[in-house]
Amino acid sequence: MKTLIISFHNGNLLPELIEYQKKVFDFFGMPLEQIETKLSHAAAIDNFLNTEEWDRVVLFDADCVPLMKLEDYPTDKIIGNAQRSSHIQDSKDFAAPSFITFTKELWGQNDKFSFEPVNGKGDVAELFSRNAEKNGIHISLLKPIHVDKIMWQLEDGTYFGYGTTYGYGNIGITYHAFESNAKHHSSSNFVKKCKQILGEV
């Protein structure tokens with residue numbers, strides 16, 4: 001199975017952030033391809049899925065890293081970090097593209113549905129999750145188990161925010177800094193987290 005691990009960025013991030021994301025993936029032996037693009041995040045994902053050769057895709061935000069080596073993913077479900085659009089009334093949890101993985105077969109079963117958001121109806125990948133649920137595709141959500149700075153809530157009241165560790169139970173699987181552009185404090189926090197993972201601090 002051809003598995004591609006991808007992150008996208010639009011050039012507005014600190015070079016150190018890009019460097020340390022790659023270092024963490026290398027540390028865990030995961031071959032990450034970092035792609036700079038002028039497209040929006042959703043458009044970049046859609047373009048990639050529709051033009052590249054792949055059997056499984058593993059998508060990460062540029063400010064998200066694994067906390068362990070990720071491999072042997074189930075083939076019968078979509079797996080992703082739990083997120084919720086708290087600015088939208090009655091919104092539901094969905095698998096966010098900060099970390100999301102699925103097979104090409106599941107993508108086809110999900111109508112090759114776009115990652116594009118629709119105004120007032122969801123964030124990037126939110127409608128992708130809604131359509132998967134409609135098609136009977138199981139979605140397994142990693143839940144927040146630690147948050148550096150609380151900002152938002154999931155449906156069950158669980159908080160997430162800047163510097164969220166996601167996982168199952170008390171096992172951390174991914175870390176997402178959130179909103180790490182070159183002018184945001186999350187950038188330095190992300191690099192600090194990467195250095196901790198690498199044993200540099």
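Visitor: How many of the 10 residues of strand β8 are buried?
Guide: Happy to start there, keeping in mind that this is a predicted model. Strand β8 covers residues 159-168 and is largely enclosed by the rest of the structure. That description follows because the buried residues in β8 number 8 of the 10.

Visitor: Which residue is the bridge partner of valine 147 in β8?
Guide: Strand β7 (residues 138-153) pairs with β8 in the antiparallel sense, over 8 bridges. In the hairpin of these strands, with 5 residues between them, glycine 157 takes a positive phi near 90°. Within β8, the partner of valine 147 is threonine 164.

Visitor: And which residue in β9 stands opposite tyrosine 168?
Guide: β8 also pairs with strand β9 (residues 171-176), again in the antiparallel sense, over 5 bridges. The hairpin of β8 and β9 has 2 residues between the strands, and glycine 169 there takes a positive phi near 60°. Opposite tyrosine 168 stands isoleucine 171.

Visitor: Let's turn to the rings. How many residues apart in sequence are the parts that phenylalanine 8 and phenylalanine 48 tie together?
Guide: The model holds 13 aromatic pairs. One of them joins phenylalanine 8 and phenylalanine 48, with 6.2 Å centre to centre and 75° between the planes, which makes it edge-to-face. Phenylalanine 8 belongs to strand β1 (residues 3-9) and phenylalanine 48 to helix α2 (residues 41-51), so the separation of the linked parts is 40 residues.

Visitor: What is the relative accessible area of phenylalanine 48?
Guide: Its partner, phenylalanine 8, is buried, with a relative accessible area of 10%. Phenylalanine 48 is buried too, and its value is 6%.

Visitor: Is the pair of tryptophan 54 and tryptophan 107 stacked, edge-to-face or tilted?
Guide: The pair links distant parts of the chain, 53 residues apart: tryptophan 54 is in the loop between α2 and β3, and tryptophan 107 is in helix α3 (residues 104-109). Both tryptophan 54 and tryptophan 107 are buried. The ring centres are 5.4 Å apart with 55° between the planes, and the pair is tilted.

Visitor: Which residues form a cluster through ring pairs with Trp54 and Trp107?
Guide: Phenylalanine 102 is a good place to look, as its contacts beyond four places in sequence include Trp54, Trp107, Phe115 and Phe128. Phe102 and Phe115 are also among the residues that touch the most other members of the largest nonpolar core, which has 60 residues. The ring pairs join Trp54 and Trp107 with Phe102, Phe115 and Phe128.

Visitor: Which backbone nitrogen lies 3.1 Å from a polar atom of the side chain of threonine 103?
Guide: Threonine 103 lies in strand β6 (residues 94-103). Threonine 103 is buried, with a relative accessible area of 4%, and beyond four places in sequence touches Met1, Trp54, Asp55, Arg56 and Thr75. The backbone nitrogen at that distance belongs to leucine 106.

Visitor: Is alanine 125 buried or exposed?
Guide: Alanine 125 sits in the loop between α3 and α4. Although not a glycine, alanine 125 has a positive phi of about 80°. Most residues other than glycine have a negative phi. At 0% relative accessibility, alanine 125 counts as buried.

Visitor: What is the relative accessibility of glutamate 179?
Guide: Glutamate 179 is in the loop between β9 and α5, and has a positive phi of about 55° without being a glycine. Glutamate 179 counts as partly exposed, with a relative accessibility of 42%.

Methods:
Residues numbered from 1 in each chain as written. Predicted model: local features only at pLDDT ≥ 70, side-chain atom pairs only at ≥ 80, totals over all residues. Heavy atoms only, no water. Phe/Tyr/Trp six-rings, centres within 6.5 Å; stacked < 30°, edge-to-face > 60°. Helix = DSSP H or I, 4+ residues; strand = E, 2+ residues; numbered from the N terminus. Buried < 20%, exposed > 50% of the residue type's maximum accessible area, 1.4 Å probe, protein only. Core = buried A, V, L, I, M, F, W, Y, C linked by side-chain atoms within 4.5 Å. Contact = heavy atoms within 4.5 Å. Pairing = 2+ DSSP bridges. Polar contact = N/O pair within 3.5 Å; in protein donor to acceptor, adjacent residues only side chain to side chain.
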